[in-house]
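Q: I would like a close look at one part of this model. Please start there, then work outward to the rest of the chain.

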Amino acid sequence: MSDTYSSRSSTRCCLTILLAMSVRRFKQIFIFLINSVCEPHSDQQRSQQETRFLTMSPTLHQEEVSFLSADGSTFLAGTLSFPQPGNPKYPAVLIIGDSGPLDRNGNTHQLPPIVEMMMGKQPTRMILSMVSFRLAEALAGLGIAALRFDKRGIAKSEGEGKQSAYFEAGILENAQDAVGAYELLLRHPAIDNNRIFIAGHGEGSILIPRILRLIHEDKRNFPGVFGAVFLTGFGESVSSATAHARSTIAQTAASGGGVGGWIVRHAIGGKTKEEIQQNMDKQASANFDLIRQSDEDFKKIAFGFYKAPVKWWRDHLNYEIPGQLEEDYKNYVDCHVLAIAGEYDGQFGSSHVDKPLGLVPKAKSIRAEVIPHMTHYLRHAKKPLNPMQVLWDDLPLHLAKPFAPEILSLLGQWFPGTMNSK
């Protein structure tokens with residue numbers, strides 16, 4: 001890493017880096033801290049709130065499982081859920097979660113004390129998106145099993161050095177973990193090997209083409225994946241997602257945005273959306289260039305308060321459309337495809353969902369839908385979430401909502417119809 005990168009520790013520059021890069025979950029600097037800065041904690045207990053959510057589902061029969069990543073480096077822990085036992089063989093969905101240090105249910109563990117102080121509330125200790133759990137619950141209602149797992153270094157999943165394992169993982173490591181989970185489903189006596197799907201949310205969608213490539217290239221002649229579900233993120237890269245997020249932040253900051261908008265305008269510079277976005281894009285480009293030139297897995301900056309996942313960023317910045325990501329889509333996504341976008345998703349756009357065929361010419365079938373008023377978290381909202389207030393007000397209330405009914409209806413139509421096809 002260059003000396004220029006190492007020396008960027010001033011308050012203004014830290015804010016600039018965090019905001020310009022727009023983070024794994026774009027929303028704002030505090031969400032960035034949650035998903036990328038907080039270091040995983042070992043053997044964490046679930047919060048009372050999460051435990052309550054997890055016991056609300058009598059339809060789920062759950063089995064604790066563990067498996068080895070396909071690269072042989074890491075044991076991972078997860079949950080295989082079924083409808084109430086009865087069928088000899090179940091179709092199954094492998095759920096790949098969004099970015100950040102997420103557990104098997106899609107939740108971020110233990111906020112840093114500084115974030116809790118900024119929130120001005122009782123410590124929540126977790127951000128409960130419950131996306132992966134709610135998806136498994138919905139699939140059980142359709143008679144489909146689902147496997148979800150803790151990322152390496154998170155919760156019950158291991159990794160060399162455990163806490164560092166999460167920060168040292170890039171695209172290949174995360175994809176190899178998913179292939180290990182796929183192998184577990186192939187070996188399980190209750191799973192129909194010929195009806196295994198992959199469902200990705202956010203970053204999980206970005207990883208699907210690489211996962212399918214690894215499965216295709218494996219010399220053991222796997223039967224292959226029957227279908228792929230992109231729950232936001234179809235045709236997107238991290239680079240395009242952060243650009244979309246910067247545009248959202250610039251628009252909100254230019255129109256006010258409260259204290260957060262004031263911080264953006266003064267840290268980044270500019271008054272209009274165009275001026276703010278231009279400055280953010282310029283700073284992001286400079287930071288991305290430095291990351292591409294680095295050879296480190298992670299870097300502590302901002303007086304050691306921020307642990308930057310450099311390898312993760314470097315891998316994703318080199319996995320682009322056009323580029324290798326597009327090639328993986330065109331060459332290896334040869335299964336049935338369901339691509340879903342949300343009108344109010346502030347992190348991912350929907351341009352490829354509108355025109356999916358050019359990206360997946362080998363797909364057996366394609367269905368693409370943009371769900372009105374749906375956010376990145378697969379819930380309804382009356383208006384787009386405010387990226388300057390999302391942590392304090394919008395997000396906790398928003399995540400308490402159920403999934404958007406349209407997405408449940410769409411899954412209920414697509415899975416049975418697809419499973420009856422070839």
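Is the crossing of H11 and H12 left-handed or right-handed?

A: The model is predicted. In it, the crossing of H11 and H12 is left-handed.

Take the geometry next. H11 covers residues 258-268 and H12 covers residues 273-293. The two helices pack at an angle of about 60°, and their axes are 10 Å apart. H11 is therefore oblique to H12. The cut-off matters here: roughly perpendicular begins at 65 degrees.

Now the contacts. On the H11 side they involve Val264, Arg265 and Ile268. Facing them in H12 are Ile276, Asn279 and Met280.

Ile276 also leads to another helix. Its C-alpha lies 9.0 Å from that of Arg246, although 30 residues separate the two in sequence. Arg246 belongs to helix H10, residues 238-254. Arg246 is buried, at a relative accessible area of 7%.

Step back to the whole chain. It holds 17 helices and 12 strands. Of its 422 residues, 59% count as buried. Among contacts with a separation of 6 or more, 77% join residues 24 or more positions apart.

Eight strands form an open sheet with mixed pairing, in the order E1-E2-E6-E3-E7-E8-E11-E12. E1 (61-68) and E12 (365-371) are the edge strands; each has a single partner, so one side of each has no neighbour in the sheet. On average, neighbouring strands are turned by 20° against each other, direction ignored.

E11 deserves its own look. It spans residues 336-342 and runs parallel to E8 (227-231), joined by five bridges. Phe230 sits opposite Ala339 of E11. Leu231 sits opposite Ile340 of E11. Towards E12, E11 makes seven bridges, again in a parallel pairing. There, Ile340 has Glu369 as its bridge partner.

How enclosed is E11? Seven of its seven residues are buried, so the rest of the structure largely encloses it. His336, Leu338, Ile340 and Gly342 point one way, and Val337, Ala339 and Ala341 point the other. This fits a general pattern: in a regular strand, side chains alternate between the two faces of the sheet.

Helix H8 (171-187) lies across part of the sheet. The strands it crosses are E1, E2 (75-82), E3 (90-96), E6 (145-149) and E7 (191-201). H8 runs at about 120° to E1.

The loop between H8 and E7 contains His188. His188 is buried, with a relative accessible area of 13%. Leaving out residues up to four places away in sequence, His188 touches Glu63, Leu80, Phe82 and Lys89.

Last, the cores. The largest nonpolar core has 61 residues, and Leu94, Ile211 and Phe234 have the most contacts inside it. H8 supplies the largest share of this core, nine residues. Leu94 shows how such contacts are spread. Beyond four places in sequence, Leu94 touches Leu147, Phe149, Ala178, Ala181, Tyr182, Leu185, Phe197, Ile198 and Ala199. Another core, of 26 residues, lies apart from the largest one. Its members include Ile95, Phe197, Ile340 and Phe403. Ile340 thus recurs: it is in this core, and it also bridges to Glu369 in E12.

How values were computed:
Residues are numbered from 1 along each chain as its sequence is written. This is a predicted model: local features need pLDDT of at least 70, side-chain atom pairs count only at pLDDT 80 or more; totals for chains, interfaces and linings use all residues. Side-chain values use heavy atoms; hydrogens and water are left out. Two strands pair if DSSP finds at least two bridges between them. Helices (H or I, at least four residues) and strands (E, at least two) are DSSP runs, numbered from the N terminus. Axes are lines fitted to C-alpha atoms, for helices over the stretch in contact, and angles run from 0 to 180 degrees between N-to-C directions. Contact means heavy atoms within 4.5 Å. A nonpolar core is a set of buried Ala, Val, Leu, Ile, Met, Phe, Trp, Tyr and Cys residues joined through side-chain atoms within 4.5 Å. Buried means under 20% relative accessible area, exposed over 50%, partly exposed in between (1.4 Å probe, protein chains only). Angles under 35 degrees count as roughly parallel, over 145 as roughly antiparallel, 65 to 115 as roughly perpendicular and the rest as oblique. A crossing is left-handed if the near helix is turned anticlockwise from the far one by less than a right angle, and right-handed if clockwise.
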